[in-house]
Amino acid sequence: MAICRVMGPPDFFVTFTCNPKWSEIQNELIRIQGQRVEDRPDIVARVFRIKLKQLMVDIKEKNFFGRVIA
């Protein structure tokens, strides 16, 4: 809220969700016999965090939506 008070309202509100069918998750589950996505939240969380970090790099450094000011 403090950022909005100083910089104004945001232009975009981006949500990012995880897809358990991402190839990175499926490839790890294949290596462990009999495991399902529900059995390995650690793998799902790790892949989600990696992809979220890459999204933030795309937004902040590569200016995917234009120049970032806040």
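1. Charges to start with: this protein chain carries 12 positive and 8 negative side chains, and the centres of those two sets sit 4 Å apart. Keep in mind throughout that we're looking at a predicted model.

2. On to the fold. The secondary structure amounts to three helices and zero strands, so the pattern you read along the sequence is simply α-α-α. The radius of gyration comes out at 17 Å, well over the 11 Å that the globule rule gives for 70 residues, so the chain is more spread out than a compact globule. For the dimensions, the C-alpha trace spans about 50 × 25 × 15 Å along its principal axes.

3. Surface and burial next. Of the 70 residues, 10% count as buried. The chain exposes about 6,200 Å², and carbon and sulfur atoms supply 57% of that. As for contacts with a separation of 6 or more, residues 24 or more positions apart account for 37% of them.

4. Now the core. As a rule, nonpolar side chains in soluble globular proteins tend to be buried together. Here the largest nonpolar core has six residues: W22, I25, L29, I43, V44 and V47. Helices α2 (23–31) and α3 (41–60) each supply at least two of its residues, with α3 giving the most, at three.

5. V44 is worth clicking on. This core member touches C18, I25 and V37, once you leave out residues up to four places away in sequence. I25 is itself in the core list, so to speak a neighbour within the group.

6. Q26 is another one to look at. You'll find Q26 in helix α2, and at 30% relative accessibility it counts as partly exposed, because the buried class stops at under 20% and the exposed class starts over 50%. Leaving out residues up to four places away in sequence, Q26 touches P20, K21 and V37. Q26 and V37 are eleven residues apart in sequence, with their C-alpha atoms 8.1 Å apart in space. V37 also turns up among the contacts of V44.

7. Last, a backbone point. N63 has a phi near 50°, a positive value in a residue other than glycine. N63 sits in the segment after α3. Its relative accessibility is 39%, so N63 counts as partly exposed.

Definitions and conventions:
Residues are numbered from 1 along each chain as its sequence is written. This is a predicted model: local features need pLDDT of at least 70, side-chain atom pairs count only at pLDDT 80 or more; totals for chains, interfaces and linings use all residues. Side-chain values use heavy atoms; hydrogens and water are left out. A nonpolar core is a set of buried Ala, Val, Leu, Ile, Met, Phe, Trp, Tyr and Cys residues joined through side-chain atoms within 4.5 Å. Buried means under 20% relative accessible area, exposed over 50%, partly exposed in between (1.4 Å probe, protein chains only). Helices (H or I, at least four residues) and strands (E, at least two) are DSSP runs, numbered from the N terminus. Contact means heavy atoms within 4.5 Å. The radius of gyration is taken over C-alpha atoms; the globule rule is 2.2 Å times the number of residues to the power 0.38. Accessible areas come from the Shrake-Rupley method with a 1.4 Å probe; for residues, only the protein chains shown count as cover. Lys and Arg count as positive and Asp and Glu as negative; His and the chain ends are not counted. The place of a charge is taken as NZ of Lys, CZ of Arg, CG of Asp or CD of Glu.
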